[in-house]
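Here are a few exercises on salt bridges, burial and interfaces, each with a worked solution. Have a go yourself before you read the steps.

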Amino acid sequence: MSLLRVENLSVAYGAIQALHGIDLVIEEGEIVSLLGANGAGKSTALRAISRMIPLRGGDIFYLDQSVKPIPPHRLVALGMAHVPEGRGIFPNLTVGENLALAAWTQKDRGRLAASYGKVFGLFPRLEERREQLGGTLSGGEQQMLAVGRALMTDCRLMLLDEPSMGLSPLLVKEVFRALQEINDQGTTLLLVEQNAHMALKIAHRGYVLENGRKVLEGPAARLAQDPRVKEAYLGVPTPTHPPDD
Amino acid sequence: MDTVIQQLFNAAQLGAVYALIALGYSMVYGIIRLINFAHGDIFMLGGFIGLLLTTHLGWLPFYLMMPLAMLLTALAGVAIERVAYRRLRHAQRMSVVITTLGVGIFLENLVRLTVGPETRQLPARLPTAPVLWLQNTLGAFVTWDKLLIILLSLALMAILWLVINKTLVGTAMRAVADNKDVVPLMGVNLNLIIAATFAIGSALAAAGGIFYGQAYSIDPYMGIDLGWKAFIAAVIGGIGSIEGAVLGSFLLAGVEVLTVAYLSSNLKNGIAFGLLILLLLVWPSGIMGKPMLKKV
Ligand SMILES: Nc1ncnc2c1ncn2[C@@H]1O[C@H](COP(=O)(O)OP(=O)(O)OP(=O)(O)O)[C@@H](O)[C@H]1O
Ligand SMILES: [Mg+2]
């Protein structure tokens with residue numbers, strides 16, 4: 001059984017079709033990266049998987065169940081977490097409140113304590129800043145908080161949308177080190193990145209999207225050697241992003 | 001001759017009722033940017049539910065009748081959100097405004113047809129004796145019901161403050177205000193939190209309706225005038241802000257009561273609203289309000 005199976009997925013925003021029938025498979029324990037240029041449809045794919053936006057066609061199976069009838073908050077209870085593009089921190093909630101809210105579905109006190117231990121172990125900075133408002137954190141700290149919140153949901157599959165966005169190379173390294181460790185502890189990651197260099201370094205496999213279609217897939221090492229990937233994504237180690245989209 | 005102290009108690013009583021209504025406007029606006037123009041009529045409905053409970057279940061003591069009326073009004077508020085507003089969450093603003101006004105007219109007519117158009121008084125269930133201690137120390141003639149209405153209202157506001165700031169449900173409400181789209185990704189049922197907000201706002205309005213019926217009188221159209229006053233109080237305080245709604249309410253009631261007492265009752269609304277316009281010129285988004293947060 002695959003943890004996640006995306007079959008012939010199409011998504012449209014009004015008249016604009018963003019995804020034209022893509023297929024993806026993610027096995028438990030993997031890190032899979034989803035690459036592509038601006039507007040390729042990466043975020044759209046993650047939003048469809050976590051049910052933030054409706055599907056136009058195709059289907060998505062999480063743990064062999066179609067996600068279509070499942071509301072997004074139920075998917076979180078089933079172990080799917082989504083760290084959205086732009087981090088989605090609650091700016092007027094403290095770090096502690098951001099984390100506590102993400103533990104909404106956790107009823108077991110022991111597991112809750114374990115989740116806090118995991119988050120503060122990976123990001124000691126968050127423990128120091130527990131009382132600080134989310135909106136006043138630096139970009140890097142906000143990204144740690146976004147990943148920390150996903151961990152607080154006690155997830156099995158974590159969808160990450162450009163965790164390296166807007167971070168200095170040093171912080172990017174720190175975030176990726178944390179992602180590697182999260183995966184080592186058993187969480188499966190679907191990692192959307194424009195920083196193909198870093199993403200392919202930690203990923204087992206990857207997919208490349210172009211204009212809403214899957215154009216390449218394979219083991220990360222092979223993708224990193226592919227001339228098309230090299231030319232399109234590895235030429236620019238720190239891609240620039242539009243500030244908001 | 002009424003003393004200033006007595007006038008301040010009158011203002012506090014009226015302000016407490018305004019605040020109990022204004023909080024609902026502010027909470028709902030704060031989390032989903034919806035101005036629920038039917039909220040004044042929910043206040044009226046709460047008063048009439050209180051009246052029906054007191055007349056038909058006369059054996060119910062006040063301290064049970066009030067929570068029961070609040071609960072029933074909360075259910076009405078949740079039902080209204082579910083049936084009339086939820087589908088419009090992404091609709092144009094004008095459609096939403098018209099719907100809330102329509103719900104208000106519906107409630108007014110529902111109550112008028114079932115209970116009748118007359119002005120009524122809630123049977124006094126709070127003691128109406130003067131508070132001797134205040135008479136002896138301050139020389140002010142203040143009745144127990146007035147003092148209790150003020151104190152119970154403040155207690156409800158304190159409970160609300162605790163719920164919003166110290167519980168996980170309150171955290172979720174503030175999260176919805178911050179960034180509604182991300183809330184489901186935390187595993188939180190957004191609809192449940194919005195329903196809870198309507199429930200709490202409606203329950204507080206019901207408390208206001210019952211207090212108003214004890215202190216003054218109720219009729220099916222009282223929600224229009226008081227609803228507007230409370231809405232304006234919420235705007236002055238900074239709509240979306242809990243503290244602002246309370247502050248604006250006491251300020252508005254204070255100006256109104258003192259104008260009537262020392263100037264003229266004809267000038268009441270003119271002076272009150274003139275002052276409000278001045279305040280809003282100084283603080284365009286209300287005293288405690290922040291400029292609307294930009295969408296992230
Ligand atoms: N809310 C929206 N309304 C209309 N069109 C949208 C919306 N969101 C995305 N799109 C369009 O869908 C396409 C795919 O967008 P998407 O955000 O999925 O790209 P992306 O691969 O995540 O890009 P980036 O790397 O810049 O984040 C783009 O053409 C975009 O303009
Ligand atoms: Mg994107």
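By the rule used here, there are 18 salt bridges over all chains, a salt bridge being a side-chain nitrogen of Lys or Arg within 4 Å of a carboxyl oxygen of Asp or Glu. You're looking at a predicted model, where local features need pLDDT of at least 70, side-chain atom pairs count only at pLDDT 80 or more, and totals for chains, interfaces and linings use all residues. Residues are numbered from 1 along each chain as its sequence is written, chains are lettered from A and ligands numbered from 1 in the order in which they are written, and side-chain values use heavy atoms, with hydrogens and water left out.

**Exercise 1.** Find the salt-bridge partner of R129(A) and say where the two residues sit.

Solution. Step 1: look for a carboxyl partner, and you get E141(A), with the closest N and O atoms 3.3 Å apart. Step 2: place both residues. R129(A) is in the loop between helix 5 (124-128) and helix 6 (139-152) of chain A, while E141(A) is in helix 6, so the pair links parts of the chain 12 residues apart. Helices here are DSSP runs (H or I, at least four residues), as are strands (E, at least two), both numbered from the N terminus. Step 3: check burial, where buried means under 20% relative accessible area, exposed over 50%, and partly exposed in between (1.4 Å probe, protein chains only). R129(A) has 28% relative accessibility, so it counts as partly exposed. E141(A) is buried because its value is 5%.

**Exercise 2.** Sort R86(B) and E81(B) into buried or partly exposed.

Solution. Step 1: these two side chains meet in a salt bridge (3.5 Å, N to O). Step 2: R86(B) comes out at 22%, so it's partly exposed. Step 3: E81(B) comes out at 1%, so it's buried.

**Exercise 3.** Describe how the two domains of chain A meet.

Solution. Step 1: get the bounds, which come from an automatic or database domain assignment: domain 1 is 4-79 + 156-233 and domain 2 is 89-148. Their C-alpha centres lie 23 Å apart. Step 2: count contacts (heavy atoms within 4.5 Å). You should find 17 residues of domain 1 in contact with 9 residues of domain 2. Step 3: take the buried area, meaning the accessible area (1.4 Å probe) that two parts lose on being put together, summed over both. The value is about 960 Å², with carbon and sulfur atoms giving 72%. Step 4: look for salt bridges across this interface, and the rule finds 0. Step 5: see who supplies the domain 1 side. Helix 2 (72-77), strand 7 (157-161) and helix 7 (169-184) of chain A each give at least two residues, and helix 7 gives the most, with 8 residues.

**Exercise 4.** Now do the interface between chain A and chain B.

Solution. Step 1: 22 residues of chain A are in contact with 22 residues of chain B. Step 2: the buried area is about 2000 Å², of which carbon and sulfur atoms give 70%. H73(A), F90(A) and W104(A) supply 33% of the area that chain A buries here, more than any other three residues. Step 3: the rule finds 1 salt bridge across this interface. R174(B) pairs with E97(A), the closest N and O atoms being 2.9 Å apart. Step 4: on the chain A side, helix 2 and helix 3 (95-102) each supply at least two residues, and helix 3 gives the most, with 4 residues.
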